[in-house]
Amino acid sequence: YVTGYVENVTPYFERARLSIAPLRYGAGVKGKINMSMAYGVPVVATPCAAEGMSLTAETDILIGEDAAAFAAAVVRLYREPSLWQRLAHAGLDNIEQHFSRRVARNTLERLLAERAA
């Protein structure tokens with residue numbers, strides 16, 4: 001089922017059990033992962049997808065190195081409520097620590113202060 005453009009993604013994330021990021025290439029911050037974690041939806045990702053995101057495997061996110069490991073991680077996350085809960089909280093914490101408005105504001109203020117000095 002393909003939905004297409006969605007103006008408000010909140011209802012979709014509120015119903016999601018988990019999110020997957022099976023990226024094979026890419027760089028920097030992946031919005032798909034951050035958005036999922038910001039909604040408290042745990043993520044299973046490939047190593048490439050998690051790269052550069054300040055994430056730790058088994059702490060913030062599950063990583064599948066290959067197709068079999070990726071599928072096993074999805075099943076594990078779906079079936080283990082304590083793991084799901086831990087990753088959901090860790091994802092929210094990660095967003096607050098690295099990608100929140102507070103962090104962005106502090107970084108901008110620091111850069112502007114350095115520029116003015």
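The legends below accompany an overview and several close-up views of a predicted model.

**Figure 1. The whole chain, with its six helices and three strands.** Let's start with the overall picture before zooming in. Following the sequence, the elements come in the order α-β-α-β-α-β-α-α-α. Along the principal axes, the C-alpha atoms occupy a box of roughly 55 × 30 × 30 Å. Of the 117 residues in the chain, 32% are buried. Among contacts with a separation of 6 or more, 53% join residues 24 or more positions apart.

**Figure 2. Helix H2 and the elements that cover its buried residues.** Helix H2 spans residues 31–38, and its buried residues are Ile33, Asn34, Ser36 and Met37. These four cover an arc of only 165° around the axis, so they sit on the same side of H2. Which elements cover them? The cover includes helix H1 (10–15), strand S1 (19–21), strand S2 (43–45), helix H3 (47–50) and H5. Beyond the end of the helix, H2 is followed by Gly40, where phi is positive, near 75°.

**Figure 3. A stacked aromatic pair, Phe13 with Tyr39.** If you enjoy ring geometry, this is the view for you. The model has one aromatic pair under the rule applied here. Its ring centres, those of Phe13 and Tyr39, are 4.7 Å apart, and the planes meet at 5°; because planes under 30 degrees apart count as stacked, this pair is stacked. Phe13 belongs to helix H1 and Tyr39 to the loop between H2 and S2, so the pair links parts of the chain that are 26 residues apart in sequence. Are the two partners buried or exposed? Phe13 is buried, at a relative accessible area of 17%, whereas Tyr39 is partly exposed, at 33%.

**Figure 4. Val41, a buried residue in the loop between H2 and S2.** The relative accessibility of Val41 is 2%, which counts as buried because the cut-off for that class is under 20%. Setting aside neighbours within four places in sequence, Val41 is in contact with Phe13, Ala16, Arg17, Leu18, Ser19 and Ser36. One of these partners, Ala16, is 25 residues away along the chain, and its C-alpha atom is separated from that of Val41 by 6.9 Å. Phe13, another partner of Val41, is the residue whose ring stacks with Tyr39.

**Figure 5. Val43 and its surroundings in strand S2.** How accessible is Val43? Its relative accessible area is 1%, so Val43 is buried. Ile20 is 23 residues away in sequence, yet the C-alpha atoms of Val43 and Ile20 are 5.5 Å apart. Once neighbours within four places in sequence are left out, the contacts of Val43 are Ser19, Ala21, Ile33, Ser36, Met37, Ile61, Leu62 and Leu77. Ile33, Ser36 and Met37 will be familiar from Figure 2, being among the buried residues of H2.

**Figure 6. Helices H4 and H5, where their axes cross.** In this view, helix H4 (residues 67–79) meets H5, with axes that come within 5 Å and cross at roughly 95°. H4 and H5 are therefore roughly perpendicular to each other. Arg76, Leu77 and Arg79 contribute from H4, while Pro81, Leu83, Trp84 and Leu87 contribute from H5. What is the character of the residues at this contact? Five are nonpolar, none is polar and two are charged.

**Figure 7. Asn94 of helix H5 and the residues around it.** Further along H5, which runs over residues 81–98, comes Asn94. With a relative accessible area of 3%, Asn94 is buried. Apart from neighbours within four places in sequence, Asn94 is in contact with Met37, Met53, Ser54, Leu55, Asp60 and Phe99. Met37 also appears among the buried residues of H2.

**Figure 8. Ser54 and Glu58 in the loop between H3 and strand S3.** The backbone is the focus here. Which sign does phi take at Ser54? It is positive, near 60°, in a residue other than glycine. Glu58, also not a glycine, has a positive phi near 75°. Ser54 is partly exposed, at a relative accessible area of 44%, and Glu58 is partly exposed too, at 36%. Ser54 is also one of the contacts of Asn94 shown in Figure 7.

Definitions and conventions. Residues are numbered from 1 along each chain as its sequence is written. This is a predicted model: local features need pLDDT of at least 70, side-chain atom pairs count only at pLDDT 80 or more; totals for chains, interfaces and linings use all residues. Side-chain values use heavy atoms; hydrogens and water are left out. Buried means under 20% relative accessible area, exposed over 50%, partly exposed in between (1.4 Å probe, protein chains only). Contact means heavy atoms within 4.5 Å. The arc is that of the directions from the helix axis to the C-beta atoms. Axes are lines fitted to C-alpha atoms, for helices over the stretch in contact, and angles run from 0 to 180 degrees between N-to-C directions. Angles under 35 degrees count as roughly parallel, over 145 as roughly antiparallel, 65 to 115 as roughly perpendicular and the rest as oblique. Ala, Val, Leu, Ile, Met, Phe, Trp, Tyr, Cys and Pro count as nonpolar, Asp, Glu, Lys and Arg as charged, and the others, Gly among them, as polar. Rings of Phe, Tyr and Trp (its six-membered ring) pair if their centres lie within 6.5 Å; planes under 30 degrees apart count as stacked, over 60 as edge-to-face and the rest as tilted.
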